[in-house]
Amino acid sequence: MLARIVDIRRWLREDRRTPYADRVARDRAIGRELRPAGDLGRVLAWWSALADAAPGPERPTGRTLGHRVETGRRVAGVGLGVLGLLVGAAVAGVAFGYEGRYPVNLFTLLGVLVGLPTLMLLFTLLVLPGRLPGLKSLQTVAAGVSPGRWAGAWLDRLLGAELFAPGLLGGAANAFSRWQLVVFSQWLALGFFAGALAIALLLVTFTDLAFGWSTTLNVDAGLVQALVSTLAAPWASWLPSAAPDPALVEASRFFRLDEAAIPQERVARLGEWWPFVLMTVLVYGALPRALLLLVGLWRLRRATRSLLLDDPEVTALLDRLDAPLVALGGGVDEGSGYPESSG
């Protein structure tokens, strides 16, 4: 639909060179034959019927700007997903690094794979409500660091569409750009988690990982157990192997200055953390991104419809489709209450 909307908006701007009386006569003649319900359906049906109507600029065909914009948007989404996949795989390869001497620190691992992406998610959510008093500067920064904005700016420069630059002031165009920013960002994030989970599964399958926790703070194992139990609550009842017990938490604490080799049986025990790690990344990292992507696609579809219907040239077109025919000397009365749009 975006391709047609871009072409309709561009065509209507070029059509302003056509005399107003001719536009009224042409569009009213088409409007008399239209039957679809709703303004959007009427505009799209008018666009389909326009090829046989005259006068006005010739309707574009073939690889129009709209088709290029739609193709560019799909390419950008796929490209962001692939980029996220590569970055996620690289980051997971480092985060799961285990040289055999010290276990993989769970705090560091989950901080990198869940904590930092969650912070980026909060930055993305910050741009959605439009300008908020006291947060305008932070919202500008959040939009500026978003990979979705970079992809949109690249598309605007490449295609000359002036469509994807994110705005925060409101209106149909800015709502479209904000939700497109969200969708682009989620494709990147889901690619990141897909790459991270794939590397994690490969390492779990083909290597002997050991996990543990360590901190310079005076933290009791009971506090860590409470945190782990809270995180595992969504799946503990149906996947108990991914909910570590107090004995595993207690046995998993390690100290950097401990030079003693870890006994083989303890290494095997420390490897039991991997279901918890993967479920935590999946539930608290990938799942919120997938849900936000679904919401973003739904809202983007609505914003795309509004992008057309809120355009002043489209509003003027809808008026012309219903304009009364008043013959004055063989023409259309330009004083019939439907002035030429200045949009």
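In the predicted model, the largest nonpolar core comprises 42 residues, of which Leu2, Ile8, Trp46, Val69, Leu163 and Phe176 touch the most other members. At least two residues of this core are supplied by each of the helices α1 (2-14), α3 (39-49), α4 (65-95), α7 (147-159), α8 (172-206), α12 and α13 (312-321). Helix α8 provides the largest share, with seven residues. The surroundings of Ile8 illustrate the packing: leaving aside residues up to four places away in sequence, Ile8 touches Val43, Leu44, Trp46, Trp47 and Leu308. A second core, separate from the one described above, contains 34 residues, including Ala92, Leu209, Phe211 and Leu248. In soluble globular proteins, nonpolar side chains tend to be buried together.

The protein as a whole contains 13 helices and four strands. Of its 343 residues, 45% count as buried. Among contacts with a separation of 6 or more, 78% are made by residues 24 or more positions apart. The exposed surface of the protein amounts to about 17,500 Å², and carbon and sulfur atoms supply 62% of this area.

Helix α12 (residues 274-309) was examined for its length and course. Its 36 residues should span 52 Å at 1.5 Å a residue, and the distance of 51 Å between its end C-alpha atoms agrees with this expectation. The helix nevertheless bends by about 35° at Ala286, and a proline, Pro288, follows within four residues.

Ten salt bridges are present in the structure. One of them joins Asp15 to Arg26, with the closest N and O atoms 2.7 Å apart. This pair links distant parts of the chain, since Asp15 lies in the loop between α1 and α2 (20-31), whereas Arg26 belongs to helix α2, eleven residues apart. Arg26 also meets Asp27 in a salt bridge, at 2.8 Å from N to O. These three charged residues are covered by the protein: Asp15 counts as buried because its relative accessibility is 1%, Arg26 is buried at a relative accessible area of 3%, and Asp27 is buried at 0%.

A further salt bridge connects the side chains of Arg73 and Glu70, at 3.3 Å from N to O. Both residues lie in helix α4, three residues apart, or about one turn of the helix. An α-helix has 3.6 residues a turn, so residues three or four places apart point the same way. Arg73 and Glu70 are both buried. Elsewhere, salt bridges with shared partners join Asp15, Arg26, Asp27 and Arg320 into one network.

Terms used: Residues are numbered from 1 along each chain as its sequence is written. This is a predicted model: local features need pLDDT of at least 70, side-chain atom pairs count only at pLDDT 80 or more; totals for chains, interfaces and linings use all residues. Side-chain values use heavy atoms; hydrogens and water are left out. Buried means under 20% relative accessible area, exposed over 50%, partly exposed in between (1.4 Å probe, protein chains only). Contact means heavy atoms within 4.5 Å. Accessible areas come from the Shrake-Rupley method with a 1.4 Å probe; for residues, only the protein chains shown count as cover. The expected span of a helix is 1.5 Å times one less than its number of residues. The bend at a residue is the angle between axes fitted to the seven residues ending there and the seven starting there. A nonpolar core is a set of buried Ala, Val, Leu, Ile, Met, Phe, Trp, Tyr and Cys residues joined through side-chain atoms within 4.5 Å. A salt bridge is a side-chain nitrogen of Lys or Arg within 4 Å of a carboxyl oxygen of Asp or Glu.
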